[in-house]
Amino acid sequence: MSDGYDASAAVLDYPRRDAQDKLTGRTLYTVDRAGPETLKAVLFRSKIAAGRIVRLDVEAACRAPGVRAVVTAADAPGQFGLGIADHTIFASDTIRHHGEPIAAIAADSLQQAKAAMDLIELDVEPLPALLTVEAALAKNAREIHSDWKNYEILLEGAKRGGNVAWEATVERGDTDAAFARDDVTIVEGCYRVGRQSHVPFEPRAVNARYEDGRFNIETSTQVPWTVRSVTARALGVPESHVRVTAPPVGGGFGLKFDCTLEPYAAILAKKARRSVSLINSRREEQLTCLCRENAEIRIRSAVTASGEIVGREATVLMDCGAYGGEQVFLTTMTAHTLGGNYRTGAIKLASRAVYTNTQPNGAFRACNGVYNTFALERHTDEICKAIGMDTIAFRRQNVIGDGDLGATGQVFEGDVLRPMLERMAEKYPYDAPAEPVRDGWLRGRATTVGTWFIFVGPSSATVNLNADGSATLVTSGVEIGSGSMMQALPQIVASELGIEPDAVIVKTADTDASGRDLGVGGGRQTVSLGAASTQACAEIRKKLFSVASELLQTEPSRLILKEGRIERRDGAGGSVGLTEVIARAEATVGPVSGSGAFTAPGVAAMPGCAAGHFIDAIDIPVFAVHDCELDIEVATGRIVIRDYRVIQDVGRAINPRAVYSQVQGGVVQGLGYALHEEITINEEGYFDQDGFETYRIPLAEDVVPVDLEMYEGAPSIGPLGAKGAGEVPILNVGATIACAVANATGKPVSELPLTPPRVLSLLRGRTDALELEHISRNWRDNVIS
């Protein structure tokens with residue numbers, strides 16, 4: 001019993017209250033909510049990757065049947081972005097990627113809007129398209145943003161220049177001295193990954209109207225307050241003139257952690273004086289999606305014969321596409337993922353977001369941690385091979401632990417990874433009897449570790465008690481399918497107030513009714529909104545106990561809330577029903593409510609280590625250990641997963657059922673990244689994979705049951721010691737499969753995905769060692785001086 005409530009009551013396998021409606025199709029998403037009177041909108045997009053707009057004429061489109069509004073860059077000139085304001089919603093003078101919006105049309109029907117697009121006249125002077133990071137960084141390469149020096153800087157501290165949108169660096173210790181030691185082995189490796197599309201069931205969609213001088217936006221988003229801010233900035237209006245609501249979201253995975261379609265619908269609604277609906281077709285969604293970015297990585301380490309990592313240097317090139325977007329922020333992640341996992345002596349890291357004439361990229365579950373973990377764990381196995389050390393023993397010796405310094409000099413608390421590794425080895429010993437390998441097949445197994453962190457940041461919550469003893473929770477949280485709004489938050493509020501989770505009503509996000517929130521992503525919803533809700537409930541308990549103390553003739557400090565009643569802690573003196581206390585409070589002091597807020601408490605980094613980072617140190621680290629056994633068909637290169645095992649740091653599992661669902665889903669999504677999902681960009685700057693016929697996502701037959709053990713008890717500032725569980729399950733998957741394939745084949749694995757043709761090339765010795773010549777072996781040459 002704690003502070004007047006039973007904390008243990010929060011932990012249970014509470015089922016999702018929205019499951020039946022979602023399974024039977026009754027849930028209404030944004031795509032379902034436009035009324036018959038709503039105008040339908042389309043975007044007129046560029047059909048080339050780079051060019052100068054010479055002439056744009058929309059007059060014929062404006063006069064087309066059914067057309068109510070046409071808008072262009074002149075209607076929305078405001079610039080926005082993360083870290084730098086480098087983006088407008090329409091191309092005005094310069095086209096920077098295939099599919100870039102140039103105009104938007106709203107008409108009575110979708111067919112009329114599409115017909116009007118054909119009437120737009122556009123003359124473009126093509127420019128040479130820079131479609132790869134290597135081309136963009138080449139000497140004398142054309143600057144994709146020729147006016148980059150004039151952009152507004154929204155966060156100071158990063159270096160920029162040419163086609164480098166943002167550069168984040170870490171420098172701690174003397175790596176030159178570490179590499180010069182005569183007792184070290186120097187191991188170097190290059191790694192490359194492609195893009196991954198989110199493919200949520202519901203595409204990006206928005207309904208907008210303009211009334212009473214304000215924009216009202218209903219949208220499928222993870223970040224209502226970001227949509228509010230960016231829309232206001234793009235349209236040149238105060239944020240208070242924009243209201244954003246978010247109904248249930250049909251999946252996001254980070255795709256909707258940004259503002260995309262909303263400003264178009266808003267400005268069309270104002271111009272047409274009608275409600276407007278804008279929904280991406282599945283083809284548009286695939287061709288213009290904010291993918292997980294493609295990246296290239298070089299790592300160099302100095303390691304002693306005993307396995308001590310005395311120095312490390314690494315450079316990560318992230319393709320941000322035509323605009324900085326989320327990648328500017330995501331450069332921060334390298335310090336905590338590629339620079340995570342292991343205790344390291346001196347270290348230098350550079351993470352660069354590079355402009356190319358390709359579709360902008362964005363956030364995706366565990367962001368760049370997925371490929372940084374792939375690169376780091378493959379590099380770790382290569383170190384072990386070079387110094388002749390067992391891979392598990394090396395990891396056990398070097399994983400980050402209590403009192404160790406992270407890359408940016410923060411001091412970690414608690415030994416978590418080491419006991420997790422030991423538990424995996426205990427449960428699944430490598431020398432255990434195994435089923436024989438079939439003829440024509442190879443078998444491999446690997447164990448990897450991963451470090452992620454919970455995005456905390458600002459969150460707020462208000463809880464209102466109702467006359468019947470129920471509670472209404474008001475936040476800016478969004479139900480994106482993860483279940484936090486349907487499971488964890490009702491459980492936390494219910495335990496704090498001594499009621500059942502079914503008695504907690506959770507309001508959908510509305511920026512007019514709820515306080516500011518960073519958004520749903522990074523595993524933060526249960527932690528940040530849960531902590532804010534806990535504070536709100538503490539305020540309510542104080543008010544309730546003040547009133548109940550008079551009814552029970554005892555001190556407030558001697559009271560507890562339990563099972564819908566308030567009673568004395570010692571069980572003496574009777575009890576009083578919650579509804580009676582609420583009624584008394586309303587009659588004497590007014591309705592009972594409470595508000596709470598939470599933000600990052602801040603963990604210290606070593607001064608001067610990090611530059612250009614949005615987060616210098618991590619408040620809540622999360623760890624994972626993955627183990628995979630697989631078989632490879634030699635004739636085809638096909639990979640079959642035999643067993644997949646996970647030990648995940650959960651802090652405290654408030655809802656074990658929900659945690660398992662997240663881990664199972666995250667691993668399957670990771671299998672897609674590791675084995676199937678590949679996007680290639682042709683010479684026109686166009687994705688070759690424009691739909692499900694050509695973009696291979698995991699199917700039902702690809703699902704592998706995950707053997708999960710939840711590791712509890714690691715330090716956490718989350719409510720009840722909880723940590724977010726949704727992001728980290730995908731973190732190690734690509735790394736684990738790649739290491740297992742390398743172990744099976746005896747070949748170095750440096751690229752993902754491991755499609756059958758790529759594996760077959762490995763097996764037949766047709767794959768040369770990956771050399772990224774445009775990333776210098778001299779780390780200093782890779783950063784802006």
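In which loop does Pro753 lie? In this predicted model, Pro753 belongs to the loop between β32 (751–752) and α19 (756–763), and the legends below begin there.

**Figure 1. The cis peptide bond between Leu752 and Pro753.** The bond that joins Leu752 to Pro753 is cis, with an omega of about 5°. Most peptide bonds are trans. Pro753 itself is placed in the loop that runs between β32 (751–752) and α19 (756–763).

**Figure 2. The protein as a whole and its division into domains.** The protein contains 19 helices and 32 strands, and its C-alpha atoms fill a box of roughly 80 × 75 × 55 Å along the principal axes. For 785 residues a compact globule would have a radius of gyration near 28 Å, and the 27 Å of the protein agrees with this. Of the 785 residues, 61% count as buried, and among contacts between residues at least 6 apart in sequence, 80% join residues that are at least 24 apart. The division is into domain 1 (7–12 + 457–598), domain 2 (33–127 + 204–279) and domain 3 (295–455 + 605–782). The centres of domain 1 and domain 3, taken over C-alpha atoms, are separated by 39 Å, and the contact between these two takes 21 residues from domain 1 and 19 residues from domain 3.

**Figure 3. The largest nonpolar core and the surroundings of Leu497.** The largest nonpolar core has 134 residues, and those with the most contacts inside it are Leu497, Leu544, Ile641, Ile737 and Leu754. Helix α15 (residues 525–552) gives the most to this core, contributing twelve residues, and at least three residues are drawn from each of domain 1 (7–12 + 457–598) and domain 3 (295–455 + 605–782). When neighbours within four places in sequence are left aside, Leu497 is in contact with Val463, Leu465, Ala471, Cys537, Ile540, Arg541, Leu561 and Leu578. Another core, of 36 residues, lies apart from the largest one, and its members include Ala41, Ala69, Val230 and Leu235.

**Figure 4. The buried side of helix α16.** Within helix α16 (residues 578–588), the buried residues include Leu578, Val581, Ile582 and Ala585. These four cover an arc of only 100° around the axis, which puts them on the same side of α16. The elements that cover the buried residues of α16 include β20 (459–465), α14 (484–497), α15, β24 (559–562), β25 (565–568) and β26 (575–577). After α16 comes Gly590, whose phi is positive, near 110°.

**Figure 5. Helix α7 within its surroundings.** Nine of the eleven residues of helix α7 (residues 262–272) are buried, so this helix is largely enclosed by the rest of the structure. The buried residues of α7 are Glu262, Pro263, Tyr264, Ala265, Ala266, Ile267, Leu268, Ala269 and Ala272. The helix is followed by Arg273, which has a positive phi, near 60°.

**Figure 6. Ala107 in strand β6.** Ala107 has its place in strand β6 (residues 101–107) and counts as buried, at 0% relative accessibility. Although Ala107 and Leu39 are 68 residues apart along the chain, their C-alpha atoms are separated by 5.4 Å. Not counting residues up to four places away in sequence, Ala107 touches Leu39, Lys40, Gly66, Val67, Arg68, Gln112 and Ala113.

**Figure 7. Two loop residues with positive phi, Val199 and Gln553.** Most residues other than glycine have a negative phi. Val199, which is not a glycine, nevertheless has a positive phi of about 50°; this residue is found in the loop between β11 (184–193) and β12 (205–211), where Val199 is buried with a relative accessible area of 16%. Gln553, likewise not a glycine, has a positive phi of about 55° and lies in the loop between α15 and β24, but Gln553 is exposed, with a relative accessible area of 67%.

**Figure 8. Cysteines in a structure with zero disulfides.** The structure holds zero disulfides, and two of its cysteines are considered here. Cys628 is buried, with a relative accessible area of 0%, and its sulfur is 10 Å from the closest cysteine sulfur, that of Cys739, which is too far for a bond. Cys62, by contrast, counts as partly exposed at 35% relative accessibility.

Conventions
Residues numbered from 1 in each chain as written. Predicted model: local features only at pLDDT ≥ 70, side-chain atom pairs only at ≥ 80, totals over all residues. Heavy atoms only, no water. Core = buried A, V, L, I, M, F, W, Y, C linked by side-chain atoms within 4.5 Å. Buried < 20%, exposed > 50% of the residue type's maximum accessible area, 1.4 Å probe, protein only. Domains from an automatic or database assignment. Contact = heavy atoms within 4.5 Å. Arc of directions from axis to C-beta. Disulfide = S-S within 2.5 Å. Rg over C-alpha atoms; globule rule 2.2 N^0.38 Å.
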